[in-house]
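Open your viewer and get your selection tool ready. We will take a short walk through two sites, one stop at a time.

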Amino acid sequence: MKDAAQRILEAAGQGGRVTVITGAGISAESGISTFRDSGGLWEENPIEEVATPEAFAANPSRVYDFYNARRAQLGTVEPNEGHRALVRLERLFGERFSLITQNVDDLHERAGAGRVLHMHGELYKARCVDCAGVVEWKEELSLADACGSCSGRMRPHIVWFGEIPFHLEKDIPAACNGCRVFFSIGTSGVVYPAAGLAGLVHAAGGLCVEVNLETSPGNPVFELQLEGPAGEVLPALADELESQSGC
Ligand code: BV8
Ligand code: ZN
């Protein structure tokens, strides 16, 4: 981990941008199942039945139920050491640090993260299908719920497949352009455009670091691979980065 930290600090330099993208793997140790691991979310709930606008139009109750179950579970779990280690990196790199997540849980925020770019939406928010008003929503959501401003139907504030992710116009390009170190943590790299961000940074000469239970050695984009559970790898990396930075 010493060498990895040294390479990361050299690449980051004095003012280089450091950006992280996380996926379901960083919340796995908190007890939230991932999508594609065995027994994952999509096994019992195929994408086309619960995570597309067509599914919501065809069978809204099935979609509401899927997100109600996940919203209820979120209230019973806590952030883990991986989430907390990323807050240490945020403090170490300051303004030049950005956190993008594909996750819809609030565990980064509950661990103390300052600014989280939820590119696939948030489980604890609902959106009006008519006026697009977004409100905090922590309880069950159903067909009976109506928008407080226009009485339109409320849907989960989640980016479904075929829908355009959030923050693609400004914040995500700002986090990736000129980025010197890009961490891809706990994601299978299957879903685009999220999975394409590391390639953009790599093509521009940034150092891409993969943190995963099973890293992808064949993937030329990731020059550095830290294999293991994020809840163990990230705290060890944060220790090294802090000590080599003299913190
Ligand atoms: C878009 C919200 C156009 C829902 C999600 C064909 C037809 C239609 C579309 C497409 C197509 N081909 C490609 C597409 C595009 C499509 C896509 O990529 N599909 C894939 C399936 C092929 N993408 C879209 O539709 C996107 N929109 O393209 O719009 C556009 C775009 C730009 C500009 C103009 C137009 C929208 C995609 C968003 C979908 N919504 N989430 C919900 O959460 O219910 S995606 C969903 O899967 C999650 O949000 C998550 O982000 C995503 C990826 O999953 P991961 O996070 O990577 O999780 P996974 O289980 O896969 O992997 C976990 C990893 O963790 C594993 O590697 C594992 O080893 C590791 N791990 C496990 N434990 C640990 C660990 N690592 C470390 N420590 C541990 N302890
Ligand atoms: Zn409305």
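Select His120 together with ligand 1: in this predicted model, a side-chain N or O atom of His120 sits 3.1 Å from an oxygen atom of the ligand. Now add Tyr67, where a polar side-chain atom is 2.8 Å from an oxygen atom of ligand 1. Thr187 is the next pick, and here the distance from a polar side-chain atom to a ligand oxygen is 2.7 Å. How much of ligand 1 does the protein bury? On its own the ligand exposes 1500 Å², and the protein buries 75% of that.

Next, show the surroundings of ligand 1, which take in 36 residues. Those that come nearest are Arg36, Arg70, Gly162, Glu163 and Ser188.

Now move to the zinc ion, ligand 2. Which residues hold its protein donors? Select Cys128, Cys131, Cys147 and Cys150: each offers its SG atom, and these lie 2.2 to 2.3 Å from the zinc ion. Turn the view around the metal and you will find a tetrahedral site, with angles of 98 to 119° among the four donor atoms. Along the sequence, the donor residues follow the spacing C-x2-C-x15-C-x2-C.

Keep Cys131 and Cys150 selected, a pair that links distant parts of the chain, 19 residues apart. Cys131 belongs to the loop between strand S4 (121-128) and strand S5 (134-136), while Cys150 is in the loop between S5 and strand S6 (154-158).

For a last look, switch on the surface. Are these two cysteines buried or partly exposed? Cys131 is partly exposed, at 38% relative accessible area, and Cys150 is partly exposed too, at 34%.

Definitions and conventions:
Residues numbered from 1 in each chain as written. Chains lettered and ligands numbered in written order. Predicted model: local features only at pLDDT ≥ 70, side-chain atom pairs only at ≥ 80, totals over all residues. Heavy atoms only, no water. Donors = N, O, S within 2.8 Å, 3.2 Å for Na, K, Ca; no water. Tetrahedral: all angles 85-135°; square planar, octahedral: opposite > 155°, others 65-115°. Helix = DSSP H or I, 4+ residues; strand = E, 2+ residues; numbered from the N terminus. Buried < 20%, exposed > 50% of the residue type's maximum accessible area, 1.4 Å probe, protein only. Near = heavy atom within 4 Å. Polar contact = N/O pair within 3.5 Å; in protein donor to acceptor, adjacent residues only side chain to side chain. Areas by Shrake-Rupley, 256 points an atom, 1.4 Å probe, with all protein chains shown as cover.
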